[in-house]
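Here are a few short exercises to work through with the structure open beside you. Try each task before reading its solution.

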Amino acid sequence: MAISARRSRTDRPNRRAGFSLRETTFGFGLVAILLCGTGVMARAAVGDSADVPAAVLAVAGTLAVALSLVRAARRRRGTVAALVEPPAPLVEPEPPVYVDYTALEQAVADLCVRDGCTDVEVVGGAGDLGADVVATAPDGRRVVVQCKAYGPDNKVGSQDVQRFGGTCFAVHEAHVAAVVTTSEFTEPAADYAAQCGILCVDRQALDAWTDGTGPAPWLQVPLQEAGC
């Protein structure tokens, strides 16, 4: 990760020093002009009426006005400097975290154990002939599950279900055959599964099974043998 180098204080232009010098020069010039004008006015007042206190008050008033102008200029320049300062960089929000079944086969096996199955095995891998999880349901039926950990844009198609249908009953002797996916099923896949007695468990049904608001797959299949 690249880290931007920070300039030292000595590398930065001394804006405060430059600003003070300009401001002081301006103030002194303004005061000098006002003093000259005030001196002329004071001499006229003394010469005409010999009112020295009035002349002193006039000089003091002029100095007060000059100082007020200098302070106003300082505040105005400070406000402009604050407005031209670059804004702080925006901090980008962290990307959202998406929960997914990274080990779907083991998750399904754990659900089977939780809901009373025995002889639960994760057998997915090369040469599994479509069976990823096998178990014995609480009522004694053999449960065979194929798992499809797909993304939301990749649906389980009819060919996937057909391949499983060719082995789940004839080879694995399943009483309850189910395809469980983290995605959805295409309409042809769902139609073929219904004809063969294969249960389709999509992401919504899997979530319901997981949190206990939906039934386990073997509770959705009648107590009879199914097959294509």
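**Exercise 1. Work out the strand order of the open sheet and find its edge strands.**

Solution. In this predicted model, start with the order: the open sheet has five strands, arranged 1-2-3-4-5, and its pairing is mixed. Next, look for strands that pair on one side only; these are strand 1 and strand 5 (198-201). Finally, check the twist: neighbouring strands are turned by 15° against each other on average, direction ignored.

**Exercise 2. Find how strand 2 is joined to strand 1 and to strand 3.**

Solution. Begin with strand 1 (residues 118-122), which runs antiparallel to strand 2 and is joined to it by three bridges. Here Val 122 stands opposite Val 133. Then move to strand 3 (residues 142-148): four bridges link it to strand 2, again in an antiparallel arrangement. Thr 136 of strand 2 faces Arg 142 of strand 3 as its opposite residue. The hairpin of strand 2 and strand 3 has five residues between the strands, and Gly 140 takes a positive phi near 95° there.

**Exercise 3. Are the residues on the two faces of strand 2 buried or exposed?**

Solution. Take one side first: Val 133 and Ala 135 are buried. On the other side, Val 134 and Thr 136 are buried too. Both faces of strand 2 (residues 133-136) are thus covered.

**Exercise 4. Determine how strand 3 and strand 4 run, then see which strands helix 3 touches.**

Solution. Strand 3 and strand 4 (residues 176-181) run parallel, joined by six bridges. One opposite pair to locate is Lys 148 and Thr 181. Helix 3 packs on this sheet and touches strand 1, strand 2, strand 3 and strand 4, with its direction at about 175° to that of strand 1.

**Exercise 5. Classify the packing of helix 4 with helix 5, and of helix 3 with helix 6.**

Solution. Helix 4 (residues 158-165) and helix 5 (residues 187-196) make an angle of about 25°, and their axes are 7 Å apart. Angles under 35 degrees count as roughly parallel, so helix 4 and helix 5 are roughly parallel to each other. Their contact divides into five nonpolar, three polar and no charged residues.

Now take helix 3 (residues 104-114) and helix 6 (residues 203-211): the angle is about 45° and the axes lie 10 Å apart. Helix 3 and helix 6 are therefore oblique to each other, and the crossing is left-handed. Among the residues that meet are Leu 111 and Arg 114 in helix 3 and Trp 209 in helix 6. By class, this contact has six nonpolar, one polar and one charged residues.

How values were computed: Residues numbered from 1 in each chain as written. Predicted model: local features only at pLDDT ≥ 70, side-chain atom pairs only at ≥ 80, totals over all residues. Heavy atoms only, no water. Axes fitted to C-alpha atoms, helices over the stretch in contact; angles between N-to-C directions. Parallel < 35°, antiparallel > 145°, perpendicular 65-115°, else oblique. Left-handed = near helix turned anticlockwise from the far one by under 90°. Contact = heavy atoms within 4.5 Å. Nonpolar A, V, L, I, M, F, W, Y, C, P; charged D, E, K, R; others polar. Buried < 20%, exposed > 50% of the residue type's maximum accessible area, 1.4 Å probe, protein only. Pairing = 2+ DSSP bridges.
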